[in-house]
Amino acid sequence: MTFDYHAAMTEGHSYNEIVAERLRKEGIGCSVPELELVSTSEEIKRMTENEKDIILDNGLVLEVKSRGIGFSEDPTLYWQRDLYVDTVSGYEAKKVKPYAYVMVSQKSGNMIVVHSNTKEHWFKKTVTDPYRKITDVFYKVERHHITTWDDLVKDLKSSL
């Protein structure tokens, strides 16, 4: 069975909309760019460099990563000692680096956050992605650098 990239992009985009709606309920203006499905290596490269999951009205960008695991919104209860942030190649290729990553549990709907200003604490780990069946280098961060959704909201409201 091969990995369905278009289905994954479509599912990922739905989580962008969920996070954006939650931001709007908090009074934070934002938009989600229209879903664009790409296939060729040139299109993928362009998208990796330029894609923005959520654009806040103040111009900041948030990246959304949904995970097929359950977790609470309390980072101190996160059950692993570290968390995958992004692929090294994906993060480094972005022309506009995300202000923060919002991690969404596909099981619970809960959200936790990794601010990009913690990048100095990220470390690299080479792993094989069980879904895509490819080996890649990922950025990970230890649990104590994860923050709450509420902290992100307070932070974003203070920058409005």
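Tyr-91, Tyr-101, Trp-122 and Tyr-139 form one aromatic cluster. The model is a predicted one, and this cluster is a good place to enter it. Across the structure there are 7 aromatic pairs. One of them joins Tyr-91 and Tyr-139. Their rings meet edge-to-face, 5.9 Å centre to centre, with 85 degrees between the planes. The two residues come from distant parts of the chain. Tyr-91 belongs to helix α3, while Tyr-139 sits in strand β8, which covers residues 134-142. In sequence they are 48 residues apart.

Are these two tyrosines buried or exposed? Tyr-91 is buried, with a relative accessible area of 6%. Tyr-139 is buried too, at 6% relative accessibility.

Another pair in the cluster is that of Tyr-101 and Trp-122. This contact is edge-to-face as well, with 6.0 Å between the centres and 75 degrees between the planes. Tyr-101 lies in strand β5, and Trp-122 lies in the loop between β6 (111-115) and β7 (123-129), so the pair ties together parts that are 21 residues apart in sequence. Tyr-101 is buried, with a relative accessible area of 0%. Trp-122 is also buried, at 7%.

Charged side chains meet rings here as well. Lys-97 lies over the face of Tyr-91, 5.2 Å from the ring centre. So Tyr-91 has a place in the aromatic cluster, a relative accessible area of 6% that makes it buried, and a lysine over its face. Elsewhere, Lys-140 lies over the face of Tyr-84, at 4.2 Å from the ring centre.

Lys-140 leads on to the strands. Which residue is its bridge partner? Lys-140, in β8, pairs with Phe-123. The strands β7 and β8 run antiparallel to each other and pair over 7 bridges. They form a hairpin with 4 residues between the strands. In this hairpin, Lys-133 takes a positive phi near 60 degrees. Strand β8 also holds Tyr-139, which takes part in the aromatic pair with Tyr-91.

Now turn to the open sheet. Its 6 strands follow the order β1-β2-β3-β5-β6-β9, with mixed pairing. Which strands stand at the edges? They are β1 (30-31) and β9 (147-148). Each has a single partner strand, so one side of each is left without a neighbour in the sheet. Further in, β3 and β5 pair in the parallel sense over 6 bridges. Lys-65 has Met-103 of β5 as its bridge partner. Strand β5 holds Tyr-101 too, and so carries one residue of the Tyr-101 and Trp-122 pair. In a regular strand the side chains alternate between the two faces of the sheet.

Lys-65 also has a part in the charge contacts. Together with Glu-63, Asp-86 and Lys-94, Lys-65 is linked in a network of salt bridges. How many salt bridges does the model hold? The count comes to 10. Within the network, Glu-63 forms a salt bridge with Lys-94, and their closest N and O atoms are 3.6 Å apart. This pair links distant parts of the chain. Glu-63 is in strand β3, and Lys-94 is in the loop between α3 (88-93) and β5 (100-105), 31 residues away in sequence. Both charged residues are away from the surface by the 20% cut-off for buried. Glu-63 is buried because its relative accessibility is 5%. Lys-94 is buried because its relative accessible area is 7%.

Another salt bridge has a different setting. The side chains of Arg-22 and Glu-73 meet at 2.8 Å, N to O. Arg-22 is in helix α1 (residues 5-25), and Glu-73 is in the loop between β3 (61-67) and β4 (82-87). They are 51 residues apart, so this pair too links distant parts of the chain. Arg-22 is partly exposed, with a relative accessible area of 23%. Glu-73 counts as partly exposed at 24%.

A further bridge joins Arg-81 and Asp-82 at 3.9 Å, N to O. Which of the two is exposed and which is buried? Arg-81 is exposed, because its relative accessibility is 55%. Asp-82 is buried, with a relative accessible area of 10%.

How values were computed: Residues numbered from 1 in each chain as written. Predicted model: local features only at pLDDT ≥ 70, side-chain atom pairs only at ≥ 80, totals over all residues. Heavy atoms only, no water. Salt bridge = Lys/Arg side-chain N within 4 Å of Asp/Glu carboxyl O. Buried < 20%, exposed > 50% of the residue type's maximum accessible area, 1.4 Å probe, protein only. Phe/Tyr/Trp six-rings, centres within 6.5 Å; stacked < 30°, edge-to-face > 60°. Lys NZ or Arg CZ within 6 Å of the ring centre and 35° of its normal. Pairing = 2+ DSSP bridges.
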